[in-house]
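Work through the exercises below with the sequence and the 3D view open. Try each task before you read its solution.

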Protein chains: 2
Amino acid sequence: MNASIILAHPYEKSFNHAIFHTAEKTFKNLNVNVYAHDLYKEGFNPVLTTKELGKEKTDDDLVKQYVDEMLQSRILVFVHPNWWGQPPAIMKGYIDRIFRPPYAYDYDESNEGNSGIPKLTGKVGIVFNTGNTKAKREEEVFHDPLENEWIQCVFGFCGIEKSYRRLFRVIANSNDIQRKEWLREVEEVIRRSIED
Amino acid sequence: MNASIILAHPYEKSFNHAIFHTAEKTFKNLNVNVYAHDLYKEGFNPVLTTKELGKEKTDDDLVKQYVDEMLQSRILVFVHPNWWGQPPAIMKGYIDRIFRPPYAYDYDESNEGNSGIPKLTGKVGIVFNTGNTKAKREEEVFHDPLENEWIQCVFGFCGIEKSYRRLFRVIANSNDIQRKEWLREVEEVIRRSIED
């Protein structure tokens, strides 16, 4: 079994990095082959090109590699902070450039304006986010937009029905004990994912 | 009076470009000084750096310029397509890098986990989007996430209370007559904005 883990955070001592490393280690202990990518470290360019607007093949070798690995992976894990109710630009660019037709979905010419043809059916999607907004304010004012963005707009559109998302908060004033507990939770989610 | 118009679309013959040029021309006809930027054309780098995580000054001259112009502008206009219920990565990076503390908002150390101190109070925010999903599906399945992302999460967080957003759809099968009508609507929105 293969799994991809994609990380977007500029600071290598961030809690996002700790989640990333925990997920990678857990998969390896379970004998799952892991494609683990730190987008910042690998210098990923998030800007979709004019050529990539349609179905044409990309010229970017890193994009080709990420697409291949996504298609080969049964489990797709994304780790990033909540910035403005959205992923950091470098992760948004991963979505723009990797979740492309004809790989992640395809156009349905007979049904313009409605839906595409999902191509990632059967895969499992997992999202770990960190945030600095308290739960009450997040839900009442901002409506935790990342939940809908990932689960419906990305996973749902591409046919991924089995998904799990966890938002860890408030990161800025969390202590070591809390963080260790959260990492144990990450480990548990990864363990369960391979049974799905 | 000053206004900023920020465009994110890779294809220079896109309808987004037509909106951008119409908005620019309308402001000029009204004797408003315009800072108009095509992010793709200007090669904007959307990746926020480790240094920019806090309040530290950026090293990127284009970011400095965009920040200065945003602060000088009474009206902020954003033009982009709906990609996955979010802006293209290059526009998300504009948000990440330009809407930064201490310019667009500031930290409130006494109120961690709740809100920042808004710094763009009094400005007017306008968003023009294009989409290829029919209204019914957009509202029932995807919930038009861009509305909340811009109006609450970005404008609201920074104190921008006067805002307007319009999603033009379905672009892919629109004809010339429809597009001309939409551009007249853009002109009207810009005209009204300077009276706000």
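**Exercise 1. How many residues does each chain give to the contact, and which elements of chain A take part?**

Step 1. Count the residues. Chain A supplies 39 residues and chain B supplies 39 residues. Two residues are in contact if their C-beta atoms, placed from the backbone, lie within 7 Å.

Step 2. Find the elements. On the side of chain A that touches chain B, α3 (89-98), α4 (135-142) and α5 (145-156) of chain A each give two or more residues. Helices are DSSP runs of H or I with at least four residues, strands are runs of E with at least two, and both are numbered from the N terminus.

Step 3. Sort by class. This side of chain A holds 19 nonpolar, 14 polar and six charged residues. Ala, Val, Leu, Ile, Met, Phe, Trp, Tyr, Cys and Pro count as nonpolar; Asp, Glu, Lys and Arg count as charged; the others, Gly among them, count as polar.

A note on the model and its labels. It is predicted: local features need pLDDT of at least 70, side-chain atom pairs count only at pLDDT 80 or more, and totals for chains, interfaces and linings use all residues. Residues are numbered from 1 along each chain as its sequence is written, while chains are lettered from A and ligands numbered from 1 in the order in which they are written.

**Exercise 2. What turn and what shift lay chain A on chain B?**

Step 1. Superpose. A turn of 180° with a shift of 0.0 Å along the axis lays chain A on chain B, at an RMSD of 0.0 Å. The fit is by least squares on the C-alpha atoms of residues with pLDDT of at least 70 in both copies.

Step 2. Read the symmetry. The two copies are therefore related as by a two-fold rotation axis.

Step 3. Compare the surfaces. Both copies use the same surface, and 100% of the contact residues of chain A recur in chain B.

Step 4. Locate the axis. Within chain A, Ala89(A) comes closest to the rotation axis, its C-alpha at 2.4 Å.

**Exercise 3. Describe the fold and extent of chain A.**

Step 1. Count elements. Chain A has six helices and seven strands.

Step 2. Give their order. From the N terminus, the run is β-α-β-α-β-α-β-β-β-α-α-β-α.

Step 3. Check the extent. The radius of gyration of chain A is 17 Å, which agrees with the value near 16 Å for a compact globule of 196 residues. The radius is taken over C-alpha atoms, and the globule rule is 2.2 Å times the number of residues to the power 0.38. Along the principal axes, the C-alpha atoms of chain A fill a box of roughly 55 × 40 × 30 Å.

**Exercise 4. At what angle do the axes of α1 and α6 of chain A cross?**

Step 1. Take the axes. Those of α1 (residues 15-29) and α6 (residues 176-193) of chain A come within 9 Å and cross at roughly 40°. Axes are lines fitted to C-alpha atoms, for helices over the stretch in contact, and angles run from 0 to 180 degrees between N-to-C directions.

Step 2. Name the arrangement. α1(A) is thus oblique to α6(A). Angles under 35 degrees count as roughly parallel, over 145 as roughly antiparallel, 65 to 115 as roughly perpendicular and the rest as oblique.

Step 3. List the contact. From α1(A), the residues include Phe15(A), Ile19(A) and Phe27(A). From α6(A), they include Leu183(A), Val186(A) and Ile190(A).

Step 4. Sort them. The contact of α1(A) with α6(A) has eight nonpolar, two polar and three charged residues.

**Exercise 5. Which residues does a cis peptide bond join in chain A?**

Step 1. Find the bond. It joins Pro101(A) and Pro102(A), with omega about 5°.

Step 2. Place it. Pro102(A) sits in the loop between α3 and β4 (105-106) of chain A.

Step 3. Check chain B. A cis peptide bond joins Pro101(B) and Pro102(B), with omega about 5°.
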